[in-house]
Structure formats: C-alpha cells, structure tokens
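Trainee: I'm new to this one and would like a close look at a single part. Could you walk me through the strand in the middle of things and what surrounds it?

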Amino acid sequence: MAMPCAVGQLNAGELRRSSLQGASAYSAARRGYSFLVLQEGRVVYESYANGDSADRIASIYSGTKGFWCVAAAAAVQDGILDFDEPVRDTITEWRSDQNKADIRVRDLLNFTAGIEPVFSLHGRSIGDRNRYSVRLPVAAPRGKSFIYGPSQLQIYSEVLRRKLLPRHLTPEQYLTKRVLRPLGLGYVDFREDRQGNPLLASGFRLTARAWARLGELILGKGKYQGHQLVRSDLLAECFRGTRINPMFGMGFWLNRVGPESHEVDVERMLDVPWERQNWREGCLCREAPRDMIAAIGSGYQRMFVVPSMNLVIVRQGRDDSRFSDAHFLRQIFAD
C-alpha cells in the first residue's frame with residue numbers, strides 16, 4: 001500500500017488531489033514504490049510504498065541518457081563540439097569508411113546514425129565499450145532508421161572523450177562539472193568499463209527528488225535555482241523529434257498528440273526488432289498535454305515534464321508488465 005508522506009494544497013486549475021491519489025494507487029498496485037509530483041517548484045504530492053521513504057535510491061536505467069544529452073547541449077555552448085559536425089572529424093578512423101562519412105554528432109544522440117544497438121554493451125563483458133562501438137559496421141543509412149541502444153551513445157562518448165583531452169577532463173568530470181554538481185547531485189554510478197569509459201545509456205541511481213531536479217532544469221529552460229546552466233535554444237534541441245521517430249529527441253521522449261495519434265507503449269515497442277518498430281503518429285497518452293516531455297527507463301521508471309503546467313512527475317518501481325504509461329497519465333490528466 002502506498003502511503004502519502006506529503007500532500008500540498010492544490011489551487012483552482014491545478015491537478016485534482018483525487019487524480020493524484022488515483023495515479024499513486026495505480027502505480028503502487030503495479031509494484032511502484034516512488035511517486036512524486038512537483039508543481040511551481042513545490043511538492044504537491046509524494047507517496048512511497050511499503051515503508052519506503054524519499055531517501056530511497058534506485059536505478060533510473062535509460063533515464064541516464066537525458067543527463068548526457070543535456071551535457072551535450074552544454075558542450076555545444078562551451079565550443080567543445082557542434083551537433084551538426086561530422087563524426088569523422090573526431091573519429092578520424094571513419095574517414096576511410098564511406099558508409100559513415102555523413103554521420104553527424106546529432107545522429108548519434110537521436111539514434112538515427114544506423115549503427116546496430118549491441119545491448120551486450122550494458123554488461124561487463126566488453127572491456128572497451130568505446131573502441132568496440134566505433135568499430136561497428138553501419139546497419140542502415142543515416143536518418144533512415146531509429147535504433148535505440150547503447151552503441152551510438154558509446155560512439156558519442158568517444159567523440160566527447162577526444163574533444164575533452166585538451167582540457168584535461170574526462171566525460172565524467174565534464175558532466176559532473178556542468179550538470180550534476182550545479183543540480184546538487186552527488187555520486188552516480190557511471191558503470192565504467194575496464195578502460196574507464198562510462199556507460200552513457202544507463203546506470204545512474206537517484207532518489208525521485210534528485211531525478212526531478214533535471215525536470216526542474218527543463219522547466220527553467222536551462223536555468224536552475226537562478227543559474228543558467230545551458231542556453232535555452234541548445235537545450236531545446238533535445239526535444240526535437242526526427243522524421244523517422246517524431247516521438248524521440250535526444251535522450252527524451254515526446255508526447256506528439258495530434259488528430260491521428262495512437263498511443264504507444266515505448267517499452268513494448270522497443271522489444272520489437274528495430275526494423276519493425278513504428279513510431280509514426282505515436283504519442284504516450286492522448287489525454288496528456290502535447291508539450292509533455294518524458295525520460296523513460298526500463299521497468300517503467302519515469303519522469304514526465306510538462307512545461308505548460310510547470311509540472312514534474314516522477315514514478316519509480318519494479319518491472320511490471322501491467323503498468324501502462326497511457327493509463328497512468330490518464331489518471332492524472334483526464335477530465
């Protein structure tokens with residue numbers, strides 16, 4: 001049973017308390033253990049199941065990607081790289097491979113570079129994830145596929161590593177300096193391989209409140225507690241969909257609600273081989289605001305950000321196939 005540990009007073013026009021209670025109960029019944037709602041920078045609802053508390057630290061899995069993509073926007077601002085520069089300019093061994101000649105940094109972050117996902121990169125069996133990923137062949141032309149998996153981010157990791165060498169920084173140090181420390185976040189698990197390369201696709205362990213700080217940065221258009229960490233126009237690049245997958249930007253999912261939209265369960269769709277996935281006219285929930293942004297991690301770890309409502313929602317739990325994003329969000333937003 002989920003027991004609320006903080007409930008604020010909601011003003012007229014805000015979310016109904018009964019809706020939040022319903023969403024909390026729905027989540028808890030499907031092995032959810034953390035449910036947090038922030039609006040206008042304050043906690044309006046918070047509940048934890050089975051005696052857990054706000055101090056519970058849990059893996060956010062692919063929610064990790066969003067932190068690295070925000071750091072990529074910061075790297076563009078700092079003149080370290082450009083979203084549209086060819087990867088071959090940094091990964092010089094690609095210059096002799098015509099299949100990789102037109103791949104840009106942006107394609108790696110959008111997962112549209114056409115490289116096989118190689119899910120074994122999540123484990124410890126590959127001693128140098130970066131080197132392994134850089135050597136992978138192209139499976140599809142640039143921009144013609146959406147292939148969600150760790151390999152393309154590991155190639156980006158190698159781009160960032162080489163770009164940072166003149167500054168005597170590692171990718172972990174850069175992320176910590178530009179994003180984590182300004183957000184007041186301490187230790188996260190970088191899941192480094194034997195060469196010290198971090199795993200960019202997964203691994204961070206955070207409390208619900210800690211994860212929500214990234215949501216507050218998004219609501220602030222790159223500003224957090226009065227400090228502009230990332231330029232708003234560069235951060236906005238993370239929330240631009242692509243032709244092949246309008247539902248995904250850079251590290252974040254988008255609620256592309258329109259007249260023809262159909263609801264997509266992201267985790268179930270990702271279980272389908274990439275060649276057969278269909279993201280066209282997809283959305284997370286028809287009743288949720290169309291400007292909603294989502295960080296999505298395996299096992300239905302979720303952070304939803306709604307700029308038009310100044311709202312951040314975090315849900316954490318154990319894997320449970322009965323959970324549905326659309327139903328959970330409908331509990332909150334449906335009239």
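Mentor: Sure, one term before we start: a nonpolar core is a set of buried Ala, Val, Leu, Ile, Met, Phe, Trp, Tyr and Cys residues joined through side-chain atoms within 4.5 Å. Keep in mind that this is a predicted model. The largest such core here has 109 residues, and those with the most contacts inside it are Phe67, Trp253, Phe328 and Phe333. Helix α2 supplies the largest share of this core, 10 residues.

Let's follow Trp253 to the strand you asked about. The bridge partner of tryptophan 253 in β11 is alanine 294. Strand β8 (residues 253-254) runs antiparallel to β11, and 2 bridges join them. β11 also runs antiparallel to β12 (residues 301-306), this time with 5 bridges. One of the pairings there puts isoleucine 293 opposite valine 305 as its bridge partner. β11 and β12 make a hairpin with 3 residues between them, and glycine 299 in that turn has a positive phi of about 75°.

Now for burial. In β11 (residues 293-297), 5 of the 5 residues are buried, so the strand is largely enclosed by the rest of the structure. Both faces are covered: Ala294 and Ile296 are buried on one side, with Ile293, Ala295 and Gly297 buried on the other.

Phe333, another residue from that core list, is worth a glance too. Leaving aside neighbours within four places in sequence, phenylalanine 333 is in contact with residues including Met292, Val306, Pro289 and Leu15.

Definitions and conventions: Residues numbered from 1 in each chain as written. Predicted model: local features only at pLDDT ≥ 70, side-chain atom pairs only at ≥ 80, totals over all residues. Heavy atoms only, no water. Buried < 20%, exposed > 50% of the residue type's maximum accessible area, 1.4 Å probe, protein only. Helix = DSSP H or I, 4+ residues; strand = E, 2+ residues; numbered from the N terminus. Contact = heavy atoms within 4.5 Å. Pairing = 2+ DSSP bridges.
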